[in-house]
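Dear colleague,

Please find below the structure that I agreed to pass on to you. My account of what was found in it follows directly after.

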2 protein chains.
Amino acid sequence: MTDIPDLAPWRSLLAKALHQNRSLVYSRYLQLATVTADRKPSNRTVVFRGFLNPGNRLQIITDTRSEKIAQIAVNPHVEACWYFPKTRVQFRLAGTIAIVTSTTTDETLQAARQTVWGKLSDNARSGFAWPQPGADRADCADSSAFDVETPAPTMPLDKFALLLLEPDRVDQLQLRGNPQQRQIFTRSATGWEQREVNP
Amino acid sequence: MTDIPDLAPWRSLLAKALHQNRSLVYSRYLQLATVTADRKPSNRTVVFRGFLNPGNRLQIITDTRSEKIAQIAVNPHVEACWYFPKTRVQFRLAGTIAIVTSTTTDETLQAARQTVWGKLSDNARSGFAWPQPGADRADCADSSAFDVETPAPTMPLDKFALLLLEPDRVDQLQLRGNPQQRQIFTRSATGWEQREVNP
C-alpha cells in the first residue's frame, strides 16, 4: 500500500507528444478555457510548466490580477485544449483548477509555487511587477510604468499564482490516419477508465 | 448609404497574421471554447474556413452530432483563441455562433454552407457519413463502419453544419517585445472601439 498517486494512463501519451514535438517551443502552449460569472466561455493561451509530482496535476502560472483567477475562484471547471502540430495529436484535458498564492498555507503547494517562480526568466518575473493587466495602457501616461526592478528568483511576488489543473477526463485525438484514432480517459473512484471512440 | 457591413478594424491584423504564418498549415487552426449545460467549459481545435463576405463572421464546420452543436444551441456564446506561432501573436475572439444546417431557410446562408462543403477534401466530406462521433468505436464491431461512399461535393450531407462566429470583442496580444503589445476591440451600436491595454 502506498499513498503516492498512480501515474494516469494518459501521461505516457502526453509525454510522448511532448518529446516528439520538443523542437517546437510552442508545443508547450495550450489553450485554457474557463467560464465567466455570466456563463460565457473565456479562452487563452498558457504555458505548460510541468507536472507537480507525485500526481497528475499540470502546472500553469498566472497573475492574481488576471480575469481567469476571478473566474476560477467562482467556477473551478476548465478544459484545456492542447494541439501538437508536428505529430498532429490533440489532447483535451477537462477538470478543475486549484489556485496557489502567497497566502496558501499548504507547505508542499507553497514549495511548488516557489520552485516554479525560481525557474522563470527575468522578463517573466518582471511581468508580475507590471501595471494591472487589461487596464488602459499605463505607459501612455507614465513611460516608466514597465521599467521595474527585476524581482529576485528566490522570492515570488504576491501577484504570482500557481495554477494546478487536475484532469478528470482526457480526450486524445490522433489526426493522422483515416479514420482518425480517438480515445477517452475518465477518472472514477477506482481509477482511470479508457475507451476507444469514433473520431 | 449602404447595407454592406464595414470591415472590422481587427480584420487587417488578422489578415496580416494569416499571411505571415501561411507556411504553417496549422496556423489556420484555432481553439473554440463553448459552455456546457452544466456550466463547464468545453474546448477543441477547429479549422478556419475563411470569412463569410460581406461582414466579419468566421466560418467553421462541424458535424450536427457533435457536442458543440448541442452546447451552442443552448448557449451561443463562445470564445476562440487563435495563436500564430511564427509571429507570436494571439487573437481572442469572443462572440456568438449561428448554426447553419440543411434546414436553414436563409438562401445566403444556405449558399455559404454549400460553398464551404464544395471546397472540402474527399476525406473531410466522408467524415460526415461516419458513425456517431464520440460513441464507442464502431469498427470494433463492424469493420466496414468507416468504409463509406464519398459524398458528392455538390450536395452537403444533412449532418454537415456551417458555424458562423460573429465576434463582438477581439483581444490581440503580440508576444514579441517587452512589454508586449495588447489591444482590445469592442463592438458597440455605433461601430468598433479600440484601446491599447497592458499585457
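Two residues are in contact if their C-beta atoms, placed from the backbone, lie within 7 Å. Please bear in mind throughout that this is a predicted model.

I begin with the place where the two chains meet. By that contact rule, 42 residues of chain A are in contact with 42 residues of chain B. On the side of chain A that touches chain B, at least two residues each are supplied by β1 (29-35), β2 (41-47), β5 (77-84), β6 (89-100) and β9 (191-197) of chain A. The largest share comes from β5(A), which gives six residues. Sorted by character, the residues on this side of chain A are 20 nonpolar, 13 polar and nine charged. Of the interface residues of chain A, 100% are also interface residues in chain B, so the copies meet through the same surface.

The next point concerns how the copies are arranged. A turn of 180 degrees, with a shift of 0.0 Å along the axis, lays chain A on chain B with an RMSD of 0.0 Å. The two copies are therefore related as by a two-fold rotation axis.

Finally, I turn to a detail within chain B. Strand β8 (residues 181-188) and strand β9 (residues 191-197) of chain B run antiparallel and are joined by seven bridges. A hairpin of two residues connects β8(B) to β9(B). As an example of the pairing, B:Gln183 has B:Glu196 in β9(B) as its bridge partner.

Yours sincerely

Notes:
Residues are numbered from 1 along each chain as its sequence is written. Chains are lettered from A and ligands numbered from 1 in the order in which they are written. This is a predicted model: local features need pLDDT of at least 70, side-chain atom pairs count only at pLDDT 80 or more; totals for chains, interfaces and linings use all residues. Two strands pair if DSSP finds at least two bridges between them. Helices (H or I, at least four residues) and strands (E, at least two) are DSSP runs, numbered from the N terminus. Copies are superposed by least squares on the C-alpha atoms of residues with pLDDT of at least 70 in both. Ala, Val, Leu, Ile, Met, Phe, Trp, Tyr, Cys and Pro count as nonpolar, Asp, Glu, Lys and Arg as charged, and the others, Gly among them, as polar.
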